[in-house]
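Let's take a walk through this model together, beginning with the whole chain and then stopping at a few places worth a closer look. Keep the viewer open as you read.

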Amino acid sequence: MPHSLKDQTARDTSETWTLLKLLRWMTDYFAGKGIDNPRLDAELLLAHILKLDRVGLYLNYDRPLDAAELDTIRPLVKRRGQREPLQYLLGSTEFWSLQFKVTPAVLIPRADTEILVEEALARAGSSGKLLDVGTGSGIIAISLASELPNWQMTGLDISEAALEIAAENVENNQVAAQIQLVQGDLAELPPQQYDLIVSNPPYIAQQEWDELMSEVRCFEPQLALLAEHDGLECYRQLSGQAASRLQSKGWLLVEIGYEQADAVKALFLAAGLNNVFVREDYSGQPRVVGGQA
Ligand code: GLN
């Protein structure tokens, strides 16, 4: 544990830790550990522990922290310093303006995945059936269920641990009537026909693994990230099954890595999908590929 914080609390000197002082200390500590947004992470962590919002933090800068509060904060500061993602420490995160529980059993939702949700919404009629392949924490199916009350959704994942988190998120977001969670492998999709199949599958190639930032490489589930061979294996399997699992005019929509657009487009065309398109994210990188049966 960081020395100054430990010594200070142990000695219980007259020099107290006010909220602002701790915030500054944590910011410096995180910066020294190479964390991208040290001040923001310090604020979010403190706000979480003290059960304040960020405005509440600003209004309480002079508030002294007691020994029990410092004891709670200390291990979390240490874990963040070791690059454990903030979202795992907080235990939840926001996606599509909804709240989702996250643990190391699931990938942390990325804002980019909202592009996939948008593209699915743009193609969804008033009712239908959707399959979310590799649902993880359930963000895609749950966000879409919240927008499409007359749709039935299936969230498929190979990981039982992930499905347990997804089930909690389904409950917490009150969409249980619309979502069924199924354990299974994407190599064999449920034998039904869907109007929409969406997926944010693992797409990192083995040779790219070492370049990932520590937060991802050391803490997020490899199963959710790493795809065999060239990183395209899941797209091959999904597009190969599209013809038999999509209704006529149904869409397959997938999130991709920014260098995979051409390869995934080619796979979709080879699988006989029509109206194949690529959508960029808000930073201008190709992010979603879609094709119609
Ligand atoms: N569907 C989840 C997400 O988009 C999980 C994806 C995954 O585990 N590859 O975050």
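## A guided walk from the ligand outwards

Let's begin where a ligand meets the backbone: a backbone N or O atom of T135 lies 3.3 Å from a nitrogen atom of the ligand. Please keep in mind that this is a predicted model. Two other residues offer polar backbone atoms as well. For G134, the distance from such an atom to a ligand nitrogen is 3.0 Å, and for N200 the corresponding distance is 2.8 Å. How much of the ligand does the protein bury? On its own the ligand would expose 290 Å², and the protein buries 97% of that.

Now colour the surroundings of the ligand. The residues around it are L107, T113, G134, T135, G136, I139, I140, N200, P201, P202 and A224. Sorted by class, this shell holds six nonpolar and five polar residues, with no charged ones. If you run a pocket search, the space that the ligand takes up comes out as the second largest pocket.

Let's zoom out for a moment. The chain has 293 residues, of which 51% count as buried. Its secondary structure consists of 13 helices and nine strands. Along the principal axes, the C-alpha atoms fill a box of roughly 75 × 40 × 35 Å.

T113, one of the residues around the ligand, takes us to our next stop. Its side chain is joined to that of E255 by a polar contact of 2.7 Å. E255 lies in strand β7, which covers residues 246-255. Is E255 buried or exposed? With a relative accessible area of 3%, E255 is under the 20% cut-off and therefore counts as buried. The side chain of E255 also makes a polar contact of 3.1 Å with the side chain of Y203.

Stay in strand β7 and find K249, which is placed there too. K249 is exposed because its relative accessibility of 57% is over the 50% cut-off. Its backbone deserves a look as well: phi of K249 is near 75 degrees, a positive value in a residue other than glycine. Most residues other than glycine have a negative phi. Another residue to check in this respect is Q174, which is not a glycine and has a positive phi of about 55 degrees. You will find Q174 in the loop between α9 (160-172) and β5 (179-183). Q174 has a relative accessible area of 70%, so it counts as exposed.

Two more stops let you relate positions in sequence to positions in space. Where is S244 found? It belongs to helix α12, residues 233-245. S244 is partly exposed, with a relative accessible area of 38%. From S244 to I158 the separation is 86 residues in sequence and 21 Å in space, C-alpha to C-alpha.

The last stop is Q193, in the loop between β5 and β6 (194-199). Its relative accessible area is 35%, which makes Q193 partly exposed. Q193 and V289 are 96 residues apart along the chain, and 20 Å separates their C-alpha atoms.

Technical notes:
Residues are numbered from 1 along each chain as its sequence is written. This is a predicted model: local features need pLDDT of at least 70, side-chain atom pairs count only at pLDDT 80 or more; totals for chains, interfaces and linings use all residues. Side-chain values use heavy atoms; hydrogens and water are left out. A residue is near a molecule or strand if one of its heavy atoms lies within 4 Å of it. A polar contact is a pair of N or O atoms within 3.5 Å; within protein, one must be able to donate a hydrogen and the other to accept it, and residues adjacent in sequence count only if both atoms are side-chain atoms. Accessible areas come from the Shrake-Rupley method with a 1.4 Å probe; for residues, only the protein chains shown count as cover. On a 1 Å grid over the protein atoms alone, a cavity is a set of points where a 1.4 Å probe fits but cannot get out, and a pocket is an open set with protein on both sides within 12 Å along at least five of seven lines; lining residues have an atom within 4 Å of a point. A molecule sits in a cavity or pocket if more than half of its atoms lie within 2 Å of its grid points. Ala, Val, Leu, Ile, Met, Phe, Trp, Tyr, Cys and Pro count as nonpolar, Asp, Glu, Lys and Arg as charged, and the others, Gly among them, as polar. Helices (H or I, at least four residues) and strands (E, at least two) are DSSP runs, numbered from the N terminus. Buried means under 20% relative accessible area, exposed over 50%, partly exposed in between (1.4 Å probe, protein chains only).
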